[in-house]
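Hi there,

Here is the structure I promised to pass on to you. Have a look at it first, and my notes follow below.

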Amino acid sequence: MRDFGYDITDHCAVDPSFGTMDDFDALVAAAHGHGIKVVLDFVPNHTSDLHPWFQESRASRESPKRDWYLWRDGNPPNNWVSVFGGRAWEWDEATGQSYYHAYLPEQPDLNWRNPDVREAMLGVLRFWKARGVDGFRVDAMRQVLKDLELRDNPAAPGWDGPADVYASLIPKFTTDLDEVQEVVAAIRSEIGDEHLFMAEVTAPVDRLVRYYGSSGEGAHLPFNFHLIWVDWTPAAIAELVERYEAALPDGAWPNWVLGNHDQSRVASRVGPGQARVAAMLLLTLRGTPTLYYGDELGIVDVDVPPSRVVDPDGRDPERSPMPWTSAPGRGFCADGVEPWLPFGDGSMSVEAQEADPRSMLALHRRLLALRRASDDLAEGDYETVAVSPAVLAYRRGSGTVVALNLSDEPASVALSGEVLLTTELDGREGERVSGSLALRPGEGAILAEGPRAVESSGSG
Ligand code: GLC
């Protein structure tokens, strides 16, 4: 494996290093038994170079599968650069052409303009639906079509680094073409309404929201990664939330992502002192939150010595295994087994945090419980209430206010109401605030403003 499952040799099988199809069926059944849905990662853009389709495609220019991938004359045919750096074209000496790969050379891109490719790939969705999954996270959605004329991508203004790094060019002719929406619609019509369609889309807000489709024929949830990139200040976050809310098409349900397997861990990005307010922000904004495993414990990026590096794109630090216990193997693997990446801080584990009513894990559980019990937090509209250099405050619904101190100094904000929860979990619940709410460094609080909010979070 070169990209840990994103280099696929058979879309309808389980890699032996992960188990068998029987294991998969057992996993789905067990998850369903606990009321947990299973969403599969569907990778439409590329396969492994070891996939039989690509093997056949590269065999000769006359191969019936030649057009399943993007073969062109020239070495390279144009200036396109791979997401992982270096040329996006790999020269094939034997057949005298280059093939395109948005990612690694071992991940050749499929040609989604070929109807046979479409049919084969949509068949993969049918296969897994029949196997009982509840939905799909569709990988690299914006990459699936590239400019037919192979026009050079324009230089990124101000770039002064190496020419072959992805950020050196604007990926205008390789990503987010308008026609990608036709592929999104084809995938949606295959997935249907009973299964979830999440799409990985790296795009500015105005382009991102197009992936909902203009009248419900797009993704249910095009991942909104902007919290990962936003400046960690009240003004920048308020501006982002308002801009995103305003851009959503009618009927579109919002979503927010705070971390994933491609990004530095949230507790490393914003600092451990801000990890709790980050959690409160994620779980109180309007829409479906995406929480990356381990972030509910406050795990930071793990040091990976050069001898243990496995990812070609430097993402190992955020991919350390889940520390379930503090025992050797951390409840993740047997004692004596070396996991694929090192564990981090030995004192941090699910077991330890379950025993601590003030832990990050406890905070996540309290936030989720409150969110479930409160109509305001579950479905209420968003409205910015206050933005100062330190504090962001917003109202959800008719009477629930969230106030977050994004600084490492004490701060206050003009609010009144009753404290429902604070990030410190040290007994402020029930505190009555009139006129001014004091927040400690990195503290966040949720307040019920009036009788209506108390009613809605209490008796529903
Ligand atoms: C997506 C995945 C990333 C992977 C890439 C290529 O961006 O999130 O992990 O490397 O696609 O499949």
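**What turned up**

On the surface, Val310, Trp324, Phe332 and Trp340 come together as a nonpolar patch, with about 390 Å² of accessible area together. Please keep in mind as you read that this is a predicted model. One member of the patch, tryptophan 324, sits in the loop between β9 (288–290) and α10 (350–354). Tryptophan 324 has 43% relative accessibility, so it counts as partly exposed.

Now for the spaces inside. Searching the whole structure gave three cavities of 30 Å³ or more. The largest cavity has a volume of about 90 Å³. It is lined by 14 residues, and the closest to its centre are Leu70, Arg72, Asn111, Arg113 and Lys146. By class, that lining holds nine nonpolar residues, one polar and four charged.

You may also want to look at the second largest pocket, which has a volume of about 540 Å³. Here 26 residues form the lining, with Val83, Tyr103, Glu200, Thr202 and Asp262 the closest to the centre. Eleven of the lining residues of this pocket are nonpolar, six are polar and nine are charged.

Then there are the charged pairs. Side chains of opposite charge can pair when their charged atoms come close. The whole structure has 37 salt bridges, and these are some of them:

- Arginine 2 and glutamate 106 meet through their side chains at 2.9 Å, N to O. Arginine 2 is in the segment before α1 (21–33) and glutamate 106 in the loop between β4 (97–100) and α3 (115–130), so this salt bridge ties together parts that are 104 residues apart in sequence. Arginine 2 is partly exposed, at a relative accessible area of 42%.
- Glutamate 190 pairs with arginine 126, and their closest N and O atoms are 2.8 Å apart. This salt bridge links helix α4 (residues 180–191), which holds glutamate 190, to helix α3, which holds arginine 126, across 64 residues. Glutamate 190 is buried at 16% relative accessibility, whereas arginine 126 is partly exposed at 35%.
- Aspartate 295 and arginine 265 form a salt bridge at 2.9 Å, N to O. Aspartate 295 lies in the loop between β9 and α10, and arginine 265 in the loop between β8 (255–257) and α8 (266–269), 30 residues apart. Both partners count as buried, with relative accessibility of 5% for aspartate 295 and 1% for arginine 265.

Besides these pairs, salt bridges with shared partners join Asp3, Asp262, Asp311, Arg315 and Arg319 into one network. Asp262 is also among the residues closest to the centre of the second largest pocket.

Best wishes

How values were computed
Residues numbered from 1 in each chain as written. Predicted model: local features only at pLDDT ≥ 70, side-chain atom pairs only at ≥ 80, totals over all residues. Heavy atoms only, no water. 1 Å grid on protein atoms, 1.4 Å probe; cavity = no way out; pocket = protein on both sides within 12 Å on 5 of 7 lines; lining within 4 Å. Points joined across faces, edges and corners; volume = space filled by probe spheres on them. Nonpolar A, V, L, I, M, F, W, Y, C, P; charged D, E, K, R; others polar. Patch = residues over 30% accessible without salt bridge, like charges linked within 9 Å, V, L, I, M, F, W, Y side chains within 5 Å. Areas by Shrake-Rupley, 256 points an atom, 1.4 Å probe, with all protein chains shown as cover. Salt bridge = Lys/Arg side-chain N within 4 Å of Asp/Glu carboxyl O. Helix = DSSP H or I, 4+ residues; strand = E, 2+ residues; numbered from the N terminus. Buried < 20%, exposed > 50% of the residue type's maximum accessible area, 1.4 Å probe, protein only.
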